[in-house]
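Student: Please take a close look at one part of this structure with me. I would like to follow its charged pairs and then the strand that comes after them, step by step.

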Amino acid sequence: MNRQDFAVSERQLHLEEGRAGVVIPAVARRERINLIVMGTLGRVGIPGLLIGNTAERTLDHVDCDVLAIKPRGFETPVQLPEEG
């Protein structure tokens, strides 16, 4: 996949090197981003269980909205208690 697959203009494309939890907030501030859309996979601990560790770290350091999207077929390991 490349940016043409998603109709993303060069102006909207930001390819940065570094740790996502540091780089994403820095780019968001610099570019005055209103919305960050990111895929998530929860892997470790309670924050990871809900939205993913990178997304959780990003939320703590940005002043804009974040839309976190789980991959197709994701099934939550969270079990709700049965009513009764």
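Tutor: A salt bridge is a side-chain nitrogen of Lys or Arg that lies within 4 Å of a carboxyl oxygen of Asp or Glu. Please keep in mind throughout that this is a predicted model, in which the structure holds 2 salt bridges.

Let us begin with arginine 30, which forms a salt bridge with glutamate 16, where the closest N and O atoms are 2.9 Å apart. Arginine 30 lies in helix H1, which covers residues 20-30, while glutamate 16 belongs to the segment before H1, so this pair ties together parts that are 14 residues apart in sequence. Arginine 30 also forms a salt bridge with glutamate 31, and here the closest N and O atoms are 3.2 Å apart. Through these shared partners, Glu16, Arg30 and Glu31 are joined into one network. As for general background, side chains of opposite charge can pair when their charged atoms come close.

Are the members of this network buried or exposed, or do they fall in between? Arginine 30 is partly exposed, with a relative accessible area of 49%, glutamate 16 is partly exposed at 38%, and glutamate 31 is partly exposed at 35%. The cut-offs behind these words matter here, because buried means under 20% relative accessible area and exposed means over 50%, with partly exposed in between.

We can now turn to the strand, but it helps to have the general layout in mind. The protein has 3 helices and 2 strands, and from the N terminus on its elements run α-β-α-α-β. Strand S1 pairs with strand S2 in the parallel sense, over 5 bridges, and within that pairing the bridge partner of valine 37 in S2 is leucine 67.

What lies on each face of S1? Ile36 and Met38 make up the covered face, whereas Leu35, Val37 and Gly39 make up the uncovered one. We shall take the covered face and the uncovered face in turn.

On the covered face, isoleucine 36, which has its place in strand S1, is buried, with a relative accessible area of 10%. If we leave aside its neighbours within four places in sequence, isoleucine 36 is in contact with Ile24, Ala28, Thr58, Val62, Cys64, Asp65, Val66 and Leu67. Take valine 62 from that group: its C-alpha atom and that of isoleucine 36 are separated by 9.3 Å, although these residues are 26 residues apart along the chain.

Methionine 38 is likewise placed in strand S1, and at 11% relative accessibility it counts as buried. Beyond its neighbours within four places in sequence, methionine 38 is in contact with Ile24, Thr54, Ala55, Thr58, Val66, Leu67, Ala68 and Ile69. Methionine 38 and alanine 55 are 17 residues apart in sequence, and their C-alpha atoms are 7.4 Å apart in space.

Threonine 58 deserves a sentence of its own, for it is found in helix H3, residues 53-59, and at 0% relative accessibility it counts as buried. With neighbours within four places in sequence again left aside, its contacts are Ala20, Gly21, Ile24, Ile36 and Met38, so that, going by the cut-off of heavy atoms within 4.5 Å that defines a contact, threonine 58 touches both residues of the covered face of S1.

Which residues form the largest nonpolar core? That core has 6 residues, namely Ala28, Ile36, Met38, Ala55, Val62 and Cys64. In soluble globular proteins, nonpolar side chains tend to be buried together.

The uncovered face leads to the surface instead. Leu35, Val37, Leu67 and Ile69 form a nonpolar patch there, with about 350 Å² of accessible area together. The elements that give two or more residues to this patch are strand S1 (35-39) and strand S2 (65-69), and valine 37 is found in the former, strand S1.

Finally, a few totals set this part within the whole protein. Of its 84 residues, 17% count as buried, and the protein exposes about 7200 Å², of which carbon and sulfur atoms supply 53%. Among the contacts in the protein with a separation of 6 or more, residues 24 or more positions apart account for 54%.

Conventions:
Residues are numbered from 1 along each chain as its sequence is written. This is a predicted model: local features need pLDDT of at least 70, side-chain atom pairs count only at pLDDT 80 or more; totals for chains, interfaces and linings use all residues. Side-chain values use heavy atoms; hydrogens and water are left out. A nonpolar core is a set of buried Ala, Val, Leu, Ile, Met, Phe, Trp, Tyr and Cys residues joined through side-chain atoms within 4.5 Å. Buried means under 20% relative accessible area, exposed over 50%, partly exposed in between (1.4 Å probe, protein chains only). Helices (H or I, at least four residues) and strands (E, at least two) are DSSP runs, numbered from the N terminus. Patches are made of residues with over 30% relative accessible area and no salt bridge: like charges are joined within 9 Å, nonpolar side chains (Val, Leu, Ile, Met, Phe, Trp, Tyr) within 5 Å. Accessible areas come from the Shrake-Rupley method with a 1.4 Å probe; for residues, only the protein chains shown count as cover. Two strands pair if DSSP finds at least two bridges between them.
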